[in-house]
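Dear colleague,

I am handing over the structure below, together with an account of what was found in it. Please read the account with the coordinates open beside you.

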Amino acid sequence: MVDLVSHALWAYALFHHQPDAYWYAAFTLLPDLLWAIPALVGFFASGMSIGQLRRMRWKLPHESTSRMPYFSFVRTAYHASHSWLLMAVASLVVAIAVPGLAVPFAAGVFLHLAMDLFVHKDSFAGQVPLYPLSNWKVKGFVHWSNRKFIAANYALLIIVYALMVLGRL
Ligand SMILES: [Zn+2]
């Protein structure tokens with residue numbers, strides 16, 4: 001997970017010339033929604049408060065992460081929703097079932113997965129692109145919650161959107 005807002009903003013920026021650019025931005029959120037929604041249900045079903053949720057850190061080693069309710073389920077859901085293999089299968093299913101959404105789905109989802117590969121250093125689950133066939137992990141370069149990374153990311157987004165508004169992109 002990079003923050004969801006960044007995922008959507010980058011997808012829209014990259015595909016803003018497409019008439020259905022909003023679909024690209026919507027589908028790029030999918031890998032995180034697929035694990036975060038069940039995780040949130042688990043948090044609240046187990047009596048956790050919003051304050052506890054806020055204090056949770058998504059980086060290892062951090063004891064709050066391993067005390068997360070349904071930790072192994074959340075981690076498995078995360079690996080499945082961030083698996084390049086499983087998402088390739090999902091893209092194929094969408095291409096057959098709803099051909100008009102095939103490109104926005106695949107482009108949005110794989111943009112998300114590609115971004116996540118680089119920005120999950122020491123993440124609680126790690127990036128396992130070949131899950132479930134292999135547990136090989138990609139280490140990444142930085143964690144998305146790093147303040148300098150967040151600042152650089154949003155500075156770059158501001159520049160890109162300013163260029164878009166000015167018609168230079
Ligand atoms: Zn993600």
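What follows goes through the metal site, two helix pairs, two backbone features and a few single residues.

Please keep in mind throughout that this is a predicted model, and that the values below are computed from it.

I begin with the metal. The zinc ion is coordinated by four residues, namely Asp32 and Asp116 through OD atoms and His82 and His112 through NE2, at 2.0 to 2.3 Å. Along the chain, these donors follow the spacing D-x49-H-x29-H-x3-D. Two of the ligands, His82 and Asp116, link distant parts of the chain, since His82 lies in the loop between helix 6 (71-81) and helix 7 (84-97) while Asp116 belongs to helix 8 (residues 102-118), and the two are 34 residues apart. Both His82 and Asp116 are buried, and for His82 the relative accessibility is 2%.

Which geometry should be assigned to the site of the zinc ion? The angles among the four donor atoms run from 88 to 171°, and the site is irregular. For reference, the ideal angle for four tetrahedral donors is 109.5 degrees. The site is not counted as tetrahedral because that class requires all angles to lie between 85 and 135 degrees, and the range here reaches 171°.

Turning to helix packing, helix 3 (residues 30-45) and helix 6 pack at an angle of about 165°, with their axes 8 Å apart. Angles over 145 degrees count as roughly antiparallel, and helix 3 and helix 6 are therefore roughly antiparallel to each other. Their crossing is right-handed. On the side of helix 3 the contact is made by Pro31, Asp32, Leu34, Trp35, Pro38 and Ala39, and on the side of helix 6 by Phe73, Val74, Ala77, Tyr78 and Ser81. Asp32 thus appears in this contact and also among the residues that coordinate the zinc ion.

The second pair consists of helix 1 (residues 4-15) and helix 9 (residues 147-165), which pack at an angle of about 30° with their axes 11 Å apart. Angles under 35 degrees count as roughly parallel, and helix 1 and helix 9 are therefore roughly parallel to each other. Helix 1 passes helix 9 in a left-handed crossing. The residues of helix 1 that meet helix 9 include Val5, Leu9 and Trp10, and those of helix 9 that meet helix 1 include Tyr154, Leu157 and Tyr161.

Two backbone features deserve a look, given that most residues other than glycine have a negative phi, and most peptide bonds are trans. The peptide bond from Tyr131 to Pro132 is cis, with omega near 5°, and Pro132 is found in the loop between helix 8 and helix 9. Asp122 has a positive phi of about 60° although it is not a glycine; Asp122 also has its place in the loop between helix 8 and helix 9, where it is partly exposed, with a relative accessible area of 42%.

Finally, there are two distances between C-alpha atoms. Those of His82 and Leu40 are separated by 18 Å, the residues being 42 apart along the chain. Leu92, found in helix 7, is 36 residues from Met56 in sequence and 35 Å from it in space, C-alpha to C-alpha. Is Leu92 buried or exposed? Leu92 is exposed, with a relative accessible area of 55%.

With kind regards

Key. Residues are numbered from 1 along each chain as its sequence is written. This is a predicted model: local features need pLDDT of at least 70, side-chain atom pairs count only at pLDDT 80 or more; totals for chains, interfaces and linings use all residues. Side-chain values use heavy atoms; hydrogens and water are left out. Donors are N, O and S atoms within 2.8 Å of the metal (3.2 Å for Na, K and Ca); water is not among the atoms, so sites may look incomplete. Four donors count as tetrahedral if all angles lie between 85 and 135 degrees; four count as square planar and six as octahedral if opposite donors are over 155 degrees apart and all others between 65 and 115; anything else is irregular. Helices (H or I, at least four residues) and strands (E, at least two) are DSSP runs, numbered from the N terminus. Buried means under 20% relative accessible area, exposed over 50%, partly exposed in between (1.4 Å probe, protein chains only). Axes are lines fitted to C-alpha atoms, for helices over the stretch in contact, and angles run from 0 to 180 degrees between N-to-C directions. Angles under 35 degrees count as roughly parallel, over 145 as roughly antiparallel, 65 to 115 as roughly perpendicular and the rest as oblique. A crossing is left-handed if the near helix is turned anticlockwise from the far one by less than a right angle, and right-handed if clockwise. Contact means heavy atoms within 4.5 Å.
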